[in-house]
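Colleague: I'd like to learn how to read a model like this one feature at a time. Could you take me through it?

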Amino acid sequence: MTGKPSDLIQGTLEMLILKTLALEPMHGYGVALRIEQISNGVFRVNPGSLFPALSRLERAARIKAEWRATENNRRAKYYLLTDQGRKALKEETQQWGRQLAAITRILEA
Amino acid sequence: MTFMRSFSSGIKALLHKQQRSLDLDEELHAFQEDSVQEKMRHGMTDGQARRAARVEMGSTETVKHKVRASGWESTAESIWQDIRFSLRMMAKSPGFTAVAILSLALGIGANTSIFTLINNLMLKSLPVTNPQKLVAFGKEFGGGRIAGIPNGPMDLFPYDLYQQLQQQQTFFQGITAFASFPTMVSVRTNTTAAATPSISHLVSGNFFSVLGAEPFLGRALLPSDTESPGRNPVAVVSYRYWQQTLSADPSAIGSAITINGLPFTVVGVMPAKFYGVDLNQESPDLWLPLTMQAEVMQQPTMLTPNGVQWLHFMGRRKPGTNMKQAQAWVTAQAQQYLRDHEAHPLSAKASEQIQKVFVELLPGESGISNLRNLYEQPLHILMGVVILVLLIACANLANFLLARAASREREFSTRLALGSSRIRIVRQILTETLLLSFIGGALGLLLAFWGTRLLIGFVTSGATGGSTALSAAPDLHVLAFTFGISVLTALLFGIAPALRISRIGVAPTLTSNARTAASSGGRSSRLLPNILVTSQVVLSLMLLAVAGLFLRTLRNLEDQDFGFNRTNVLLVNFNPKFAGYKAAQLNGLYDRILSRVEAIPGVKSATLSGAPPISRGNWIAGISIKGYTAAPEEDLSTLINRVGPRFFETMGIAMLQGRPIEAQDTATSPQVVIVNQTLANHFFPHGDAIGRRFTLAEPSVKGEWEIAGIVRDAKYNNPRDVKLERMIYLPVTQLTDDDNYAYFMELRTAGDPVKATAAVRAAFAEIDPNLPILQVRTISQQVGHLMDQDQLISQLSIFFSLLALSLACIGLYGVMSYNVARRTNEIGIRLALGSQPGGVLWMIFKESLLLLAIGIAIGIPATLAAGRMIQSQLFGLSPSDPLTVFAAVLTISFVTLIAAYFPARRATKVDPVVALRYE
């Protein structure tokens, strides 16, 4: 895939953030970078959508935030997945799978 | 759970706003740094990487705003900002704010006040358990009628029908009977030296259990208390009575009080909120067993089989009772009862009449109220009136806000241009209107409390000093009503300005000649204000006409010929029974009272009567005249009053023939009677009434009565009666037993009758210190009380229509002033081009005239329709009374022209030079 990075599909950002954080706690830039890397640069998350999404997730108690020292000894806000977040991720992944299968079926029909 | 967490984190966010902001700054900064590092790793130079990172991030403030906007608290915060901004805007134009809040307060207050009274009288339930299960048997005013077949609906019942129903009924958990009127008794307690008059209510033993009312102390009455007549002298007292007269002493239970000279035992105290079943001017102090009626009323027993129909019934229905079946059953029972007690064999006529008798079962949830029957219609009309007033206030405010919105167009355009959302601006306008409305509503609630107290004072002014269960304190219903009406009001007057703002464009209003553009494209933008002003004219015209109709109704009622002279007559209510007088002692007492009172300087004459010359409820009986053959089905009944000597002289009722009742008509002299003109004309069309004799179909009034004189007709009960009624006057001294008692004394005085009050009281105290005077009022007060509802409705509708008129006047003035201000530029040009001031004056003026003309054209048919709706409340004039409508049109025209004149005149004073530089 080449060309400009595309926008995320509506509503999927929060799921991707949860997935990213499921691997390990991360700070904001880490999340953005990880999503960009794993998607091979297809999705680029800008701060204007990342931080409101993080704030919403934190409000919903799916993630929690902690100030920690980074590898280069600066202070950074790390986000951790909560149990509730884990559950939500599982549900959303399943739902996503179902929706994707359905869309694929429609497109291939 | 989720909600709670979101709430608490929102609160935290609000409390630690600064910390949050700093954290976010740090986080964003770190993000940017990381991003720069990453980009440099990919080979960008430091400068390139920084620029790229900044582009990615955009404005940090925007990001921060987005983060903040993700929680509810930001909405709350912006609403709070809106409120603060609105308050600032309001403070900036204090004049507008004051007028707006005041007119809202008056409008909402008036509505709340009338609604409080409606709530009190019609919506509140009795303070008992499950009041919705209660059923009233008919809805009659208090009173009594002698045995016989009622005409259609039966709502007053005899005692033995109660006993009959009690034994056979299956539809109700219980049926209770109680007197349809309160009884004034004289009570002496251990703590009070003198006997005091108190209000008692005679009720059956199951009264409290059927109602579902528990006593506060002691016990309520029990069915065993009303098993046999005269055997159970027990009393249940009201909380208020216990507090005020029994010193709130718990040991009052079991103590004795003396009622009409007989010892009664206090067995219970009811809770404070309990007022019985009748919501009237005064609530009872005592509830006494029905079977003690003879002792309490000091009258012959009314409990005999086929006796007087004087009781109300109420029942508590069993769950699942079919009310139609119950009603059919009760009706059948009542008809059977009547059939059993008619002379047998039953005449065809009686049988037919009995077939028409029915008992209507009505919801008894709010008890039985005389007051409700009297005021129901007036209150509904007044509710309509105050709603119109509020509509006028709304139209006013909508107009003001439209004008203000227009003058704030620049502000809003600027805000739109700076990136504010339309929703946000509309929300801010609505916040402003809601705020105005709520402040107005809160103030209105206060006004209403005060106003309702006045209203209740007015409604209960006929009371003799008891306490009323009506309360001005707003309950939940009233608060909800006021809140609802405030929101509705805000929507009504706020929606137009808000819509207008939402259509503002950015560009045109910000150009330098915006004002000129706005004024020249004015016709369509002035349409809405003009419609509002026109509707104000229409509504005001309606209100004025309605008020005029009521005013003239009251005038007609007051100024009519009552048949007696209302000036300078004092009416004294007393009760010889309370002082223990027996019938044999009465004539002597009357002599002493009359001679003593007539000696008071300024008293021209004094007399006695059984009932006031005019009052609700009269003594009625049939007569049979010697030598007169009644036509079949002829109505032979007449009103009766019993009077002392000099009655006609004192009341100013003219003698037409024969002689009045005189001092020489004593118990031992031949029985005489005075009849009125209507009776004489009906039975003796040839003018030979004098000397004729008749008997009365009233067992207690024995013997034949010879007609000694004929007097002029008068009004005897309702000032609205137009039908002339028959009346006979019997000499009170010639009657026996209970009929020998007189309860009223009338005095004709030379000057102000009220001044004689003290002397009369002194005279009574001198004759017998135990003889209580229950009430003293003038005859004009007595007549006035019979027109209380008319006074209330006419005074309030006049007050409200004047209020509406002044609101409309302010509104019109405001809109016209605003129009002139907007057109200053245009007017300046016209004047500069040679227009004469007179022409300009006319140009502005004719706009108002057009609105007025349209308003009147719509208003007159609307007024006629409103008049028809209130037709039943009018007296002596047609609902389309031309004089009233004309006066209303004249008033509204005059006021409109005044309101329009000043802005128009100001327009002619515009200095062209100043006007053109005005931009």
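Modeller: Happy to, and keep in mind that this is a predicted model. Let's begin with strand pairing: two strands count as paired when DSSP finds at least two bridges between them. Take strand 3 (residues 183–188) of chain B, which runs antiparallel to strand 4 of chain B and is joined to it by 5 bridges.

Colleague: Which residue of strand 4 of chain B is the bridge partner of Met184(B)?

Modeller: That's Ile199(B). Strand 4 of chain B also pairs with strand 9 (residues 286–289) of chain B, in the parallel sense and over 4 bridges. There, Leu202(B) stands opposite Leu288(B).

Colleague: Is strand 4 of chain B largely enclosed or largely open to the outside?

Modeller: Count the buried residues. In strand 4 (residues 196–203) of chain B, 6 of the 8 residues are buried, so the rest of the structure largely encloses this strand.

Colleague: What does a sheet with edges look like here, say in chain A?

Modeller: Chain A has an open sheet of 3 strands in the order 1-3-2, with antiparallel pairing. Strand 1 (26–27) and strand 2 (63–69) of chain A are the edges; each has a single partner strand, so one side of each lacks a neighbour in the sheet. Strand 1 of chain A meets strand 3 (residues 75–81) of chain A over 2 antiparallel bridges. His27(A) stands opposite Tyr78(A) of strand 3 of chain A.

Colleague: And helices? How would I check the length of one?

Modeller: Compare its span with what 1.5 Å a residue predicts. Helix 4 (residues 83–108) of chain A has 26 residues and reaches 37 Å from first C-alpha to last, close to the expected 38 Å.

Colleague: Which residues of helix 4 of chain A are buried?

Modeller: A general point helps: an α-helix has 3.6 residues a turn, so residues three or four places apart point the same way. In helix 4 of chain A the buried residues are Gly85(A), Ala88(A) and Leu89(A). They pack against helix 1 (13–23), strand 2 and strand 3 of chain A.

Colleague: How many residues of each chain are in contact across the interface?

Modeller: The contact involves 16 residues of chain A and 19 residues of chain B. On the chain A side, the elements giving two or more residues are helix 2 (28–38), helix 3 (47–59) and strand 3 of chain A. Helix 3 of chain A gives the most, with 7 residues. By type, the chain A side divides into 7 nonpolar, 5 polar and 4 charged residues.

Colleague: Now chain B as a whole. How do I judge its overall form?

Modeller: Start with the radius of gyration. For chain B it comes to 38 Å, whereas a compact globule of 919 residues would be near 29 Å. The C-alpha atoms fill a box of roughly 130 × 75 × 60 Å along the principal axes. Chain B contains 30 helices and 22 strands, and 41% of its 919 residues are buried.

Colleague: What about its nonpolar cores?

Modeller: In soluble globular proteins, nonpolar side chains tend to be buried together. In this model the largest nonpolar core has 162 residues, and those with the most contacts inside it include Ala235(B), Leu311(B) and Leu543(B). Helix 13 (residues 370–407) of chain B gives the most to this core, with 21 residues. Another core, of 60 residues, lies apart from it, with Leu571(B) and Phe647(B) among its members. As for Leu543(B), leaving out residues up to four places away in sequence, its contacts are Val385(B), Leu388(B), Phe800(B), Ser801(B) and Ala804(B).

Colleague: Why does Val569(B) count as buried?

Modeller: The cut-off is 20 or more other C-beta atoms within 10 Å. Val569(B) has 22 such neighbours, so it counts as buried. It is found in strand 12 (residues 569–574) of chain B. Its C-alpha is 6.0 Å from that of Pro753(B), although the two are 184 residues apart in sequence.

Colleague: One last thing: where should I look for positive phi outside glycine?

Modeller: Try Ala61(A), whose phi is near 60 degrees. Ala61(A) sits in the loop between helix 3 and strand 2 of chain A. In chain B, Asp737(B) has phi near 50 degrees and lies in the loop between strand 20 (727–731) and strand 21 (744–749) of chain B.

Key. Residues numbered from 1 in each chain as written. Chains lettered and ligands numbered in written order. Predicted model: local features only at pLDDT ≥ 70, side-chain atom pairs only at ≥ 80, totals over all residues. Contact = placed C-beta atoms within 7 Å. Nonpolar A, V, L, I, M, F, W, Y, C, P; charged D, E, K, R; others polar. Expected span 1.5 Å × (residues − 1). Buried ≥ 20, exposed ≤ 12 C-beta atoms within 10 Å, placed from the backbone. Core = buried A, V, L, I, M, F, W, Y, C linked by C-beta atoms within 7 Å. Rg over C-alpha atoms; globule rule 2.2 N^0.38 Å.
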